Amino acid sequence: MEPWHYWTLIGFSLIALEMLSGDFVFACFGAAAFAAAGAAGGFEAPLKGQLGTFAIAAAVFLAAVRPAAKRLLYRRSDRRASGVSALVGQRGVVADEISAGSAGRVKLGSEEWRAIHAAAGSAASDPIPIPIPPGAPVEIVAVSGATLEVRPL
């Protein structure tokens, strides 16, 4: 087999591997392998020339083509927060009193969540937060596991 055959096989293998990652890194190296195959087959470059072509092409593809391709393909992606991180900034109503030393419950839509006062974990020099009574509106400032950190509105 000629050297360009090897480079072509490497290129196709890397392109196939790209289907598993989706981050365009393997595709860039695959395209660089095709460039090295062109140098080996079309210009009959020695091994150093083939490796140099591969390295330069990989650097160009990674630096220029990959960012442009990602911008183009992901331009319509939904960038909104999802999961529990989407809860930050939402407002709820206290169901069970939340005080500095104990957790309470907050109702968000039709769900109830365990909640603590956001100031409860702050520095010792801060004043003790005032308990939040049931029915009071609160804003979620952080989520830690299944516990919401809230502040009164």
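Here is a quick look at the predicted chain as a whole, and then at Ser99.

Since this is a predicted model, local features need pLDDT of at least 70 and side-chain atom pairs count only at pLDDT 80 or more, while totals for chains, interfaces and linings use all residues. Residues are numbered from 1 along each chain as its sequence is written, and side-chain values use heavy atoms, with hydrogens and water left out.

The chain has 3 helices and 5 strands, and from the N terminus they run α-α-α-β-β-β-β-β. Helices here are DSSP runs of H or I with at least four residues, and strands are runs of E with at least two. Some overall numbers:

| Property of the chain | Value |
|---|---|
| Radius of gyration (over C-alpha atoms) | 28 Å |
| C-alpha box along the principal axes | roughly 80 × 35 × 25 Å |

A compact globule of 153 residues would come out near 15 Å instead, going by the rule of 2.2 Å times the number of residues to the power 0.38. Buried residues (under 20% relative accessible area, 1.4 Å probe, protein chains only) make up 25% of the 153.

Now for Ser99, which sits in the loop between strand S1 (91-96) and strand S2 (104-108). Ser99 counts as buried because its relative accessible area is 17%. Its side chain makes a polar contact of 2.9 Å with the side chain of Ser102; the term covers N or O atom pairs within 3.5 Å, where one can donate a hydrogen and the other accept it. Leaving aside residues up to four places away in sequence, Ser99 also touches His117 and Pro131, with contact meaning heavy atoms within 4.5 Å.

Key: Buried < 20%, exposed > 50% of the residue type's maximum accessible area, 1.4 Å probe, protein only.
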